[in-house]
Amino acid sequence: MIPTPAYAAPAAGEPLGPFTIERREPGAHDVLIDISHCGVCHSDLHQVRDEWGGATFPMVPGHEIVGRVAAIGSAVTNWKVGDVVGVGVFVDSCRECAACRDGLEQYCERGLTPTYNGVERDGKSRTFGGYSTRITVDEDYVLRVPTNLPPDRVAPLLCAGITTWSPLVHFGVQAKTRVAILGLGGLGHMGVKLAKARGAEVTVLSRTAEKRSAAKALGADDFVDLSDSAAVARVAARFDFLLDTVSAPHEYGPMLELLRRDATMVVVGLPGPSRFDPSALIEKRRRLAGSSIGGIRETQEMLDFCGAHGIGADVETIAAREVNTAFTRMLKSDVRYRFVIDCATLER
Ligand code: NAP
Ligand code: ZN
Ligand code: ZN
């Protein structure tokens, strides 16, 4: 086993602090990665606070991982020492079910193996995430990342990027599609960039009026302050597609009202239960759907697209010891738009 410095939450809702984990020596099909950066996703905060239930502690969060291959197993052919690679939200899946065979491992019928707060397929070893200096991952769950962008700007693509990309592609967002992105955080700002890169006409829906100019700078065509009811009324029944990235409980009905007839709202934010009145669906035959991250194949496609178009996340790079403050600031929407941990700061 390889002792590895990490940052962990000792119990639900407790601040994170230095902790040492053990990584496995690479098996025949494994890749050992020296982690350079790891993004701070709102899902990390939900799980550290056990807001979804079933969390296990100590917990080392982090599933937006970028680093360099440090060693490979004897049977690994796709990766070599020194490659810049990424790891996202899962590190394994059953590989046999219909979803896995379709390259949709995120919907694995036997359950994927989450990068942290989960258990490996041996049923015993707990998984620990990227708030650490290295990780051992099966070669099939490692991704090639663009090297023309700084690694801290690439890390958030592994979750925020793919979680917004997958529904944009699946639901056919293309040139001229009228897209609304609800919530301008880590996911939302990637949604804006990726929808714009696909040629869509993009409107940001935000409760934070101060984000107006930043939204425009990201490429948004329009910005609607959700606290301004007249501005909201002006975009009623306007959009072809609405992506809801909000991390806190909110009502879905008023957002559905912003869709035209037969249009789709896709929820990716995971705030927990919410009251729901279906009348807005019925009035205009609107659709409400959900979407979970993305499979390995489409994650690779998204990374290649981002490399070709020079698209990275807008980040604030922090030392590991700043992560508790980062969580507090993220809760206040005070981040433009993703905190990323410089994992070299874990060594000290
Ligand atoms: P984030 O950076 O904190 O952004 C969330 C945004 O939601 C905030 O910037 C804010 O935008 C808005 N918001 C926050 N509190 C709100 C409230 N009380 N009412 C209305 N709007 C509020 O979080 P993130 O990392 O983007 O993650 C967003 C959500 O997606 C989380 O629930 C996360 O767990 C989930 N997620 C899901 C998947 C998936 O596969 N489906 C993958 C990753 C993350 P404004 O300031 O612009 O209003
Ligand atoms: Zn995430
Ligand atoms: Zn499967």
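**Ligand 1 and its surroundings**

Modeller: In this predicted model, a backbone N or O atom of Leu187 lies 2.8 Å from an oxygen atom of ligand 1.

Biologist: What makes that pair of Leu187 and ligand 1 a polar contact?

Modeller: The cut-off for a pair of N or O atoms is 3.5 Å, and the Leu187 pair is separated by 2.8 Å, so it counts as a polar contact. Side chains approach oxygen atoms of the ligand as well: a polar side-chain atom of His42 lies 2.7 Å from one, and an N or O atom in the side chain of Ser43 is 2.8 Å from an oxygen atom of ligand 1. Of the 930 Å² of accessible area that ligand 1 has on its own, the protein covers 91%.

Biologist: Which residues come nearest to ligand 1, and which helices each supply at least two residues of its shell?

Modeller: There are 29 residues around ligand 1, and those that come nearest are His42, Ser206, Thr208, Lys211 and Arg338. Helix H1 (42-48) and helix H5 (186-197) each supply at least two residues of the shell, with H1 giving the most, three residues. By class, the shell has eleven nonpolar, 15 polar and three charged residues.

Biologist: Why is H5 said to be largely enclosed by the rest of the structure?

Modeller: Ten of its twelve residues are buried, and therefore H5 is described as largely enclosed. Among these buried residues are Gly186, Leu187, His189 and Lys193. From its first C-alpha to its last, H5 reaches 17 Å, close to the 16 Å expected at 1.5 Å a residue, and the helix is followed by Gly199, whose phi is positive, near 90°.

Biologist: Why is Lys193 called buried?

Modeller: Buried means under 20% relative accessible area, and Lys193 has 14%, so the word applies to this residue. Lys193 lies in helix H5, and its side chain reaches the backbone oxygen of Gly312 at 2.8 Å. Leaving aside neighbours within four places in sequence, Lys193 is also in contact with residues including Arg153, Leu218 and Asp314.

Biologist: How do you know that the span of helix H10 agrees with what is expected of a helix with 14 residues?

Modeller: At 1.5 Å a residue, H10 (residues 296-309) should span 20 Å, and its end C-alpha atoms are 20 Å apart, so the two values agree. Its buried residues, among them Ile296, Glu298, Met302 and Phe305, pack against strand S6 (90-92), strand S9 (143-144), helix H4 (160-170) and H5. H10 is followed by Gly310, with a positive phi near 65°.

Biologist: Why does Thr177 count as buried?

Modeller: The cut-off is under 20%, and Thr177 stands at 12% relative accessibility, so this residue is counted as buried. Thr177 is found in the loop between H4 and strand S10 (178-182), where, not counting residues up to four places away in sequence, it touches Gly172, Ala200, Glu201, Asp240 and Phe241.

Biologist: Why is Ala326 also called buried?

Modeller: Its relative accessible area is 2%, which is under 20%, so Ala326 is buried by that cut-off. Ala326 has its place in helix H11 (residues 323-331), and not counting residues up to four places away in sequence, it touches Ile318 and Phe339. Although Ala326 and Leu45 are 281 residues apart along the chain, their C-alpha atoms are separated by 10.0 Å.

Terms used: Residues numbered from 1 in each chain as written. Chains lettered and ligands numbered in written order. Predicted model: local features only at pLDDT ≥ 70, side-chain atom pairs only at ≥ 80, totals over all residues. Heavy atoms only, no water. Near = heavy atom within 4 Å. Polar contact = N/O pair within 3.5 Å; in protein donor to acceptor, adjacent residues only side chain to side chain. Areas by Shrake-Rupley, 256 points an atom, 1.4 Å probe, with all protein chains shown as cover. Helix = DSSP H or I, 4+ residues; strand = E, 2+ residues; numbered from the N terminus. Nonpolar A, V, L, I, M, F, W, Y, C, P; charged D, E, K, R; others polar. Expected span 1.5 Å × (residues − 1). Buried < 20%, exposed > 50% of the residue type's maximum accessible area, 1.4 Å probe, protein only. Contact = heavy atoms within 4.5 Å.
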